[in-house]
Amino acid sequence: MGAVAIAASLLTGCVNTKFKTDATVQSFVVADEPYAAGIGRDIIAQGGKAGDAVAAMALAMTASLPSRVGLTGGGVCVLFDATSKKARTIDFLPRSVGSGGVGMPAMARGLYAVQASAGVMRWEQVVAPAEQLAQFSPGLSRALVQDLSAFGGRLAADSDARRRLLGAGTPAVGTIAAQPELAATLSVLRRQGVGAFYAGPLAATVAQGMGLDPAQLRAYQPRVGATLTVPFDISDLHVPDTTEPDSGAAIIQAWKAVAALPPAERATRAAQLLGATGAGATATGAGLMVIDPDENGAACAFTQGAPFGTGRGIPGTGMLVAQGVERGGFGTPALIANSIIGRTLFAGVGTAGGSDGPAAGPAALLSVALPAGLEEKSTAPQIQAARPQSIPGRVSFIGCRVSIEDGIRYCQTAADPRAGSLALTVESERKRE
């Protein structure tokens, strides 16, 4: 990867930031919910970077995909900075706290850290699209309707979410379901900053609704650190450095164990090593990924700990109480980057759908990351189409290669059709230096 000569006709999309300064720049945005993907596209088109886009998309999914993403939940992101040529993990998983195993509401501070680390826009610009989406619903997406059909029964009878999203029964795609309570909560985050979620009147409501000690909520901070890395060829695989089972260390171990096997055997053997069974209840996850005009990369996985979290709402906020997570099988993000010249070549996220059993997210991720990183000629759609059906989970990704003939990077997206994902390309003119 990064040194394979291919014909331009084989891959759509080209961007060249290292060798050809007058080339049209293409950025790539993928999300497991289409409204969020559209917001990511708009953020990039307005001059935002990878950190701005992923933060805006994640906040949007708290309104458009609350079955898997919420302000009381959390996630984990892997970021690559093309200028410094360094990658980092931002860990804001909703680990179990308090009584009943509820999750620490880590999302707000986690996304603020992501945006501060890898973004250039103002915080209020990043929050505003999600607030608008919650206030003026354009209609429920297929991704949310699928989850409402499968898991809507988990919503408490007296929750704002059940009243707004289910009404008299499972709605159809396009059903208008505005969420003014959630819009008001997002408005507080936009106007008062992320600190308002952890100290002040909103924080008191959150702590009471979740049964948390306000001091514990106030003290929460995301973990920022390095990634776990496997070097190969002239690139590196970057996965999150977190402590949960089914997380980065297990992925690195599986990658190393199967790298020398015949290509057709790698993904299946990796899933076996991870302990992916393909059956059993598991935390659900959602993913998104971005490669921006400067070739920075970001990939994130989010969870509410279970479909719709605990199913209980926090009155007057539009938020559902998340369930704590103890394992990383809900979803795993990864990047492949050339750290010599600073270039993101792959951004992907594997996620679990709710009944995929343990390690579904990591197994799904490796089923595409292995061929993307170790095979020379497969395109992103070919990799997605050839993914073994026996491997559980869902996965979407952006895959790029660089021609040794002209130094141009060619990229394609591959959204998982089972997840209701959407992939978008953003074109812009390169600024001359």
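Buried, as the word is used here, means under 20% relative accessible area. With a relative accessibility of 14%, glutamate 181 therefore counts as buried in this predicted model. Its salt-bridge partner is arginine 164, with the closest N and O atoms 3.0 Å apart. Arginine 164 comes out at 28% relative accessibility, so this end of the pair is partly exposed. Glutamate 181 belongs to helix α7 (residues 180-192) and arginine 164 to helix α6, so the salt bridge ties together parts that are 17 residues apart in sequence.

Helix α6 also holds a salt bridge of its own. Aspartate 160 and arginine 163 meet through their side chains, at 3.1 Å from N to O. Both sit in α6 (residues 160-166), 3 residues apart, which is about one turn of the helix. Here too the acid is the buried partner: aspartate 160 has a relative accessible area of 17%, while arginine 163, at 48%, is partly exposed. Put together, Asp160, Arg163, Arg164 and Glu181 are linked in a network of salt bridges.

The whole structure contains 15 salt bridges, and one of them looks rather unlike those just described. Glutamate 295 and arginine 343 meet at 2.7 Å, N to O. This pair links distant parts of the chain, 48 residues apart: glutamate 295 is in the loop between β10 (286-291) and β11 (297-303), and arginine 343 is in strand β15 (residues 343-351). Glutamate 295 has a relative accessibility of 0%, so it counts as buried, and arginine 343, at 1%, is buried as well.

Strands β10 and β11, on either side of that loop, turn up again in an open sheet of 7 strands. The order is β7-β4-β3-β11-β10-β2-β18, and the pairing is antiparallel. The edges are taken by β7 (223-225) and β18 (422-429); each has a single partner strand, so one side of each is left without a neighbour in the sheet. From one strand to the next, the twist averages 10 degrees. At the β7 edge, 3 bridges join that strand to β4 (residues 86-92), the two running antiparallel. One residue pair there is threonine 89 with its bridge partner in β7, glycine 225.

Two helices pack against this sheet. Helix α1 (residues 34-45) touches β2 (24-31), β10 and β18, and its direction makes about 10 degrees with that of β18. Helix α2 lies across β2, β10 and β11, running at about 155 degrees to β10.

What about the nonpolar interior? In soluble globular proteins, nonpolar side chains tend to be buried together. In this model the largest nonpolar core has 82 residues, and those with the most contacts inside it are Phe92 and Phe302. Helix α2 (residues 50-64) gives the most to this core, with 11 residues. Apart from this core lies another, of 32 residues, including Val230, Ala334, Leu365 and Ala414.

Phenylalanine 92 is worth a closer look. Leaving out residues up to four places away in sequence, its contacts include Gly74, Gly75, Val76 and Cys77, along with Ala106, Met107, Gly110, Leu111 and Val114. Tyr220, Pro222 and Phe302 are also among the residues that phenylalanine 92 touches, so the two phenylalanines with the most contacts inside the core are in contact with each other.

Note on methods: Residues numbered from 1 in each chain as written. Predicted model: local features only at pLDDT ≥ 70, side-chain atom pairs only at ≥ 80, totals over all residues. Heavy atoms only, no water. Core = buried A, V, L, I, M, F, W, Y, C linked by side-chain atoms within 4.5 Å. Buried < 20%, exposed > 50% of the residue type's maximum accessible area, 1.4 Å probe, protein only. Helix = DSSP H or I, 4+ residues; strand = E, 2+ residues; numbered from the N terminus. Contact = heavy atoms within 4.5 Å. Salt bridge = Lys/Arg side-chain N within 4 Å of Asp/Glu carboxyl O. Pairing = 2+ DSSP bridges. Axes fitted to C-alpha atoms, helices over the stretch in contact; angles between N-to-C directions.
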